[in-house]
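Colleague: Could you take me through this model, one question at a time?

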Amino acid sequence: MAARLPSWAWVTGLTAGATAAVIVLAVQADHAPHPTAATVRPSASASASTHPTAKPKAPAEPVLPDESGSGRRIVYSLGEKRVWLVDATGKPSRTFTVWPGTVDPRPGRYSITLRTQSLKGSDGVEIEHIMYFTKAEGVNIAFSNALDGASPPPANGKKLGGIRLHKEDGAALWSFGDQGTRVTVVS
């Protein structure tokens, strides 16, 4: 009669064998070639039009309105809610969008009449780079930017003439326009 092994010996033997098998498989996997990302290839039936041929075009720079005059000036388009800074040669050096107030100036030609470094706006927001150029409906119309760079809060029925700019655009406008700089407002 054959000697019988205790059950713990069988369990120990099986565990040792399984551990050895896992180690062998792990070593083989470590030395095996690793798969790379799958390459997508079009099918033979794919049409040539599905292949990209060119990079998408960047949106075109907004065009300076024709009726904006000539020479060095600030151009404000009511319809586009946009300002252009135009150099002495008549070429725009910068353009940017704005947040108009609730009272718009009439289309026409103006000039910067007063510059104020900073104050509290009629909407209660601390503003800077204030450049006044006209009045409409008894309200001063001026370019400015909020000190914190935020857009203006809702007007809640108030008459506001501030044309708010992004902070970096306000600094650029301030550097560009002195008292007397021409402002052309177009529809």
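The questions and answers below go from the overall fold to single residue pairs.

Colleague: Which pattern does the protein follow when read along the sequence?
Modeller: This is a predicted model, in which local features need pLDDT of at least 70 and side-chain atom pairs count only at pLDDT 80 or more, while totals for chains, interfaces and linings use all residues. Residues are numbered from 1 along each chain as its sequence is written, and side-chain values use heavy atoms, with hydrogens and water left out. The protein has two helices and nine strands, where helices (H or I, at least four residues) and strands (E, at least two) are DSSP runs numbered from the N terminus. Along the sequence, the pattern is α-β-β-β-β-β-β-β-β-α-β.

Colleague: What is the order of the strands in the open sheet of four strands?
Modeller: Strands count as paired if DSSP finds at least two bridges between them. Six bridges join β5 (residues 114-120) to β6 in an antiparallel arrangement, seven bridges join β6 to β7, also antiparallel, and β7 and β8 pair in the parallel sense over four bridges. β5 and β8 stand at the edges with a single partner strand each, so one side of each is left without a neighbour in the sheet. With mixed pairing, the order is β5-β6-β7-β8.

Colleague: Which residue in the turn of the β6 and β7 hairpin has a positive phi?
Modeller: The hairpin of β5 and β6 has five residues between the strands, and there G124 takes a positive phi near 85°. The hairpin of β6 and β7 has two residues between its strands, and the residue with a positive phi, of about 55°, is E137.

Colleague: Is β6 largely enclosed or left open, and how many of its residues are buried?
Modeller: Buried means under 20% relative accessible area, exposed means over 50%, and partly exposed lies in between, with a 1.4 Å probe and protein chains only. One residue of β6 is T134, which is buried with a relative accessible area of 19%. T134 touches P105, Y110, V139, N140 and I141, not counting residues up to four places away in sequence, a contact being heavy atoms within 4.5 Å. The strand is largely enclosed by the rest of the structure, because its buried residues number nine of the 11.

Colleague: Which element supplies the largest share of the largest nonpolar core?
Modeller: A nonpolar core is a set of buried Ala, Val, Leu, Ile, Met, Phe, Trp, Tyr and Cys residues joined through side-chain atoms within 4.5 Å. The largest one has 23 residues, and those with the most contacts inside it are I74, Y76, V83, L85, F133 and F143. At least two residues each come from β1 (73-77), β2 (82-86), β6 (126-136), β7 (139-146), β8 (162-165), α2 (167-176) and β9 (182-186). The largest share, four residues, comes from α2.

Colleague: At about what angle to β6 does α2 run?
Modeller: Axes are lines fitted to C-alpha atoms, for helices over the stretch in contact, and angles run from 0 to 180 degrees between N-to-C directions. The helix α2 lies across β5, β6, β7 and β8, and its angle to β6 is about 60°.

Colleague: Which residue of α2 meets E128 in a salt bridge?
Modeller: A salt bridge is a side-chain nitrogen of Lys or Arg within 4 Å of a carboxyl oxygen of Asp or Glu, and a search of the whole structure finds five. E128 stands opposite S118, and at 11% relative accessibility E128 counts as buried. The side chain that meets E128, at 2.7 Å from N to O, belongs to K167.

Colleague: How many residues apart in sequence are the parts that R115 and D178 tie together?
Modeller: R115 forms a salt bridge with D178, with the closest N and O atoms 3.9 Å apart. R115 counts as partly exposed at 24% relative accessibility, and D178 also counts as partly exposed, at 46%. Because R115 lies in strand β5 and D178 in the loop between α2 and β9, the separation of the parts they tie together is 63 residues.

Colleague: Which residue forms a salt bridge with E137?
Modeller: E137 is exposed, with a relative accessible area of 56%. The closest N and O atoms of the salt bridge are 3.6 Å apart, and the partner of E137 is K159.
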